Amino acid sequence: MNDQRDRKYILIITTLSSFMTPFMSSAINLALPSIGKEFSLNAVVLGWIATSFLLATAALLLPAGRLADIYGRTKLFKTGIAIYTAASLLCGLSFSGEVLIIFRVIQGIGGAMLFSTSTAILVSFFPFEERGKVLGINTAAVYTGLSSGPFIGGLITQHFGWRYIFFINVLLGLLSLIIAFRKLKYEWAEAKEERFDFTGSIAYGVTLIIIMYGFSILPNMYGSYLIILGVLGFYIFSRFELKVRNPVFNMSLFTTNRAFAFSNLAALINYSATFAVGFLLSFYLQYIKGFNPQTAGIILVSQPVIMAVFSPISGRISDKTEPWIVASTGMIITTLGLFILIFLKAETSVIFIVTSLVFLGFGFALFSSPNTNAVLSSVDKKFLGVAASTLSTMRITGQMFSMGLALLIISIFIGKSKIIPENHSALLNGIEIAFIIFTILCFAGIFASMARGRIRE
């Protein structure tokens, strides 16, 4: 079954699917000012166009991973591509900001199915000694999407309009769907005899949504109440899951598996500290520096290009040495890149900005592939879907937290008013505070990465 031709097709399919969602995420950042102008939206609503996708994905990732382990990873993978593609078309046809947010939620549902299955399919199909290599290639596809997104997104937004960013995703989705149905014939469902935890899945999704919505409306006191309610709900949920025979959220993987627990914690911190960088710099370059979307995209492309080049290399290194060494080095370099961005001013040179983005890209390339390898190599095959979806949940939750923190800071400094020249100074102050917080957060993540211990014993 596992001949070279089969492996090649599976690597192509999963790599193509891994390209689509980050391409959309990075391209949409460049289109936000244009979307805001067309629909007369403030900065907070614009943030929700990016965040709504992440929220829907995070709420459904764990249930999707569990469904994949029980009913089949291939089935869920193909369904996810279909939903994501259809939602991309609807997003491109949206006639208001509110409608666009709704379709972004549907797009996030498809994204959850893709995130929870693509890496699990790779690890199911490839032997242990090749995991780092193929995960590195897969991660490079993610960063190729991130790197082409700003440039192509800026180019498309300026010359054709933001809607065509979604239409390109429709074409990519259709291509992925055709290849998947023609070439992906194998199925993996190691937990097919177990039951699905519907109650836990609903409780998990609702709890996560309450927390993130509460965070998004801070500093309103109502937001604080929702966060407290959500944290209490998550505590009750975790206690409930310890008593369930086949839980959607396997707490024992955290309590008995040190490598799994700290690798996921490191991922959560890393994405919390880095994801909003593109969002904030898009605003900085277009509002503060006055660049058009195309120019801003060319500048932002420097970070993910470095990621795409070095991710396969770091993946191969993690096949031969301890992942924590490579990943922790990456976290240190990422912290340095964030620290440099604290000193952004209105007159800061483009060279300075690109240099900081190169540090961020190199650091993240060293971190991501080895960290993914560590998570998926630390569990039994029976839990690969849950492990992959847990790691994706950490990534998406970190991204949501990063965006939520950025939106909170912006709302504190400029409120809900539109971004105009009169409040550019306040916006720049908010961006500086955000990078200070992100630097401190990423510095703490270094110790979480180092604490995971050895994987290759």
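Helices here are DSSP runs of H or I, at least four residues long, and they are numbered from the N terminus. Keep that in mind, since I will call helices by number.

Good morning. One caution before the tour. This is a predicted model. How sure is the predictor? The mean pLDDT of the protein chain is 83. Of its residues, 95% reach 70 or more. Which element has the lowest mean pLDDT, and which the highest? Helix α6, residues 131–159, has the lowest, at 78. Helix α3, residues 73–92, has the highest, at 92.

Now the pockets. The largest pocket has a volume of about 570 Å³. In its lining there are 23 residues. Closest to the centre are L208, F234, L268, M394 and T397. Find those five in the model and you have found the middle of the pocket. Four elements each give two or more residues to this lining: α8 (198–216), α9 (221–243), α11 (258–274) and α17 (384–414). Which of them gives the most? That is α11, with six residues. What is the lining like by class? It has 18 nonpolar residues and five polar ones. Charged residues are absent from it.

On to the second largest pocket. This one holds about 220 Å³ of space. Its lining has 13 residues. Nearest the centre are P33, G36, K37, L41 and Y287. Two elements give two or more residues each, α1 (4–39) and α2 (43–71). Helix α1 gives the most, with four. By class, the lining divides into seven nonpolar, four polar and two charged residues. So much for charge in the two pockets: none in the lining of the largest, two charged residues in the lining of the second largest.

Next, the cavities. How many reach 30 Å³ or more? The count is three. I will show you the second largest cavity, with a volume of about 60 Å³. Its lining is S25, I28, N29, A50, F53, L54, R104, F275 and M403. Again α1 and α2 are the elements that give two or more residues. The lining has six nonpolar residues, two polar and one charged.

Stay with α1 for a moment. The structure holds three salt bridges. One of them joins the side chains of E38 and R163, at 2.9 Å from N to O. What does this pair tie together? E38 lies in helix α1 and R163 in helix α7, residues 163–183, so the pair links parts that are 125 residues apart in sequence.

Look just along the chain, at S40. This residue sits in the loop between α1 and α2. Is its phi positive or negative? Phi of S40 is positive, near 55°. Why point that out? Because most residues other than glycine have a negative phi.

Last stop, the surface. There is a nonpolar patch of about 670 Å². Its members are I209, Y213, M221, Y222, Y225 and I228. Helices α8 and α9 each supply at least two of the residues. The largest share, four residues, comes from α9. Y222, for example, is found in α9.

Notice how the helices come back. Helix α9 helps line the largest pocket, and α9 also supplies the largest share of the nonpolar patch. Helix α8 likewise gives residues to that pocket lining and to that patch. Helix α1 gives the most to the lining of the second largest pocket, and helps line the second largest cavity. Helix α1 also holds E38 of the salt bridge.

That is the tour. Thank you.

Conventions:
Residues numbered from 1 in each chain as written. Predicted model: local features only at pLDDT ≥ 70, side-chain atom pairs only at ≥ 80, totals over all residues. Heavy atoms only, no water. 1 Å grid on protein atoms, 1.4 Å probe; cavity = no way out; pocket = protein on both sides within 12 Å on 5 of 7 lines; lining within 4 Å. Points joined across faces, edges and corners; volume = space filled by probe spheres on them. Nonpolar A, V, L, I, M, F, W, Y, C, P; charged D, E, K, R; others polar. Patch = residues over 30% accessible without salt bridge, like charges linked within 9 Å, V, L, I, M, F, W, Y side chains within 5 Å. Areas by Shrake-Rupley, 256 points an atom, 1.4 Å probe, with all protein chains shown as cover. Salt bridge = Lys/Arg side-chain N within 4 Å of Asp/Glu carboxyl O. pLDDT = per-residue confidence, 0-100.
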